[in-house]
Amino acid sequence: MALDQSFVGRSYPPTDPYEVGREKIREFAEAVGDTNPAYTDPEAAKALGYSDVIAPPTFVFAITFKAAGQVVQDPQLGLDYSRVVHGDQKFAYTRPVRAGDRLTVTSTIDAIKSMAGNDIVDIRGEVHDEAGEHVVTAVTKLVARAAEEG
């Protein structure tokens with residue numbers, strides 16, 4: 001069953017603040033195999049003009065995808081998460097994520113489409129720091145595959 005188009009534009013409450021830790025950044029950089037010293041060495045980050053280590057660009061996915069859970073779990077939307085695959089991901093940064101940031105995410109449904117029985121949902125996560133300044137916008141595309149016939 002196609003998702004309700006009236007959900008387009010619906011925003012969900014901001015998440016509780018997520019405090020970005022230096023160790024979490026290091027662990028993430030190691031996990032993705034990125035050896036940029038700005039991700040692990042505070043002095044290297046400072047030499048580039050940052051106050052502390054910065055996170056790799058995809059680091060923020062962990063908090064924006066968790067925030068998108070508010071959309072996914074909304075019973076009124078009716079998304080069958082057991083059939084969902086991750087379709088696409090985009091990030092638009094105002095500035096890098098830094099160790100010590102306290103970030104909140106506000107999720108909004110930007111689009112709902114149905115194609116060949118598949119439901120496609122675009123969820124925009126607006127990430128702000130403790131001062132309310134924009135850090136990054138993450139757009140996640142989820143595809144709920146059509147149920148198999150027969």
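1. Start with the hairpin: E3 and E4 form one with two residues between them, and Ala116 in the turn has a positive phi of about 50°. Keep in mind that this is a predicted model. The two strands, E3 (residues 102-115) and E4 (residues 118-128), run antiparallel and are joined by eleven bridges. One of the partnerships is Ser114 with Asp119 in E4.

2. E3 also pairs with E1 (residues 18-19), again antiparallel, through two bridges. Here Tyr18 has Leu103 of E3 as its bridge partner.

3. Now the inside. The largest nonpolar core has 19 residues, and those with the most contacts inside it include Phe59, Val97 and Leu103. Helix H1 (22-32), helix H3 (61-72), E3 and strand E5 (134-144) each give two or more residues to this core. Apart from it lies another core, of 15 residues, with Tyr12, Leu77, Leu142 and Ala144 among them.

4. Phe59 deserves a look of its own. Beyond its neighbours within four places in sequence, Phe59 is in contact with Tyr18, Val20, Lys24, Ile25, Phe28 and Val97. Phe59 counts as buried, at 7% relative accessibility, whereas Phe28 is partly exposed at 22%.

5. How do the rings of Phe28 and Phe59 sit, and what are the distance and angle? Their centres are 5.5 Å apart and their planes are at 85°, so the pair is edge-to-face. Because Phe28 lies in helix H1 and Phe59 in the loop between H2 (42-47) and H3, the pair ties together parts 31 residues apart in sequence.

6. Phe91 and Tyr93 make a tilted aromatic pair, 6.4 Å centre to centre with 40° between the planes. Phe91 is partly exposed at 27%, and Tyr93 is partly exposed at 32%.

Technical notes. Residues numbered from 1 in each chain as written. Predicted model: local features only at pLDDT ≥ 70, side-chain atom pairs only at ≥ 80, totals over all residues. Heavy atoms only, no water. Pairing = 2+ DSSP bridges. Helix = DSSP H or I, 4+ residues; strand = E, 2+ residues; numbered from the N terminus. Core = buried A, V, L, I, M, F, W, Y, C linked by side-chain atoms within 4.5 Å. Buried < 20%, exposed > 50% of the residue type's maximum accessible area, 1.4 Å probe, protein only. Contact = heavy atoms within 4.5 Å. Phe/Tyr/Trp six-rings, centres within 6.5 Å; stacked < 30°, edge-to-face > 60°.
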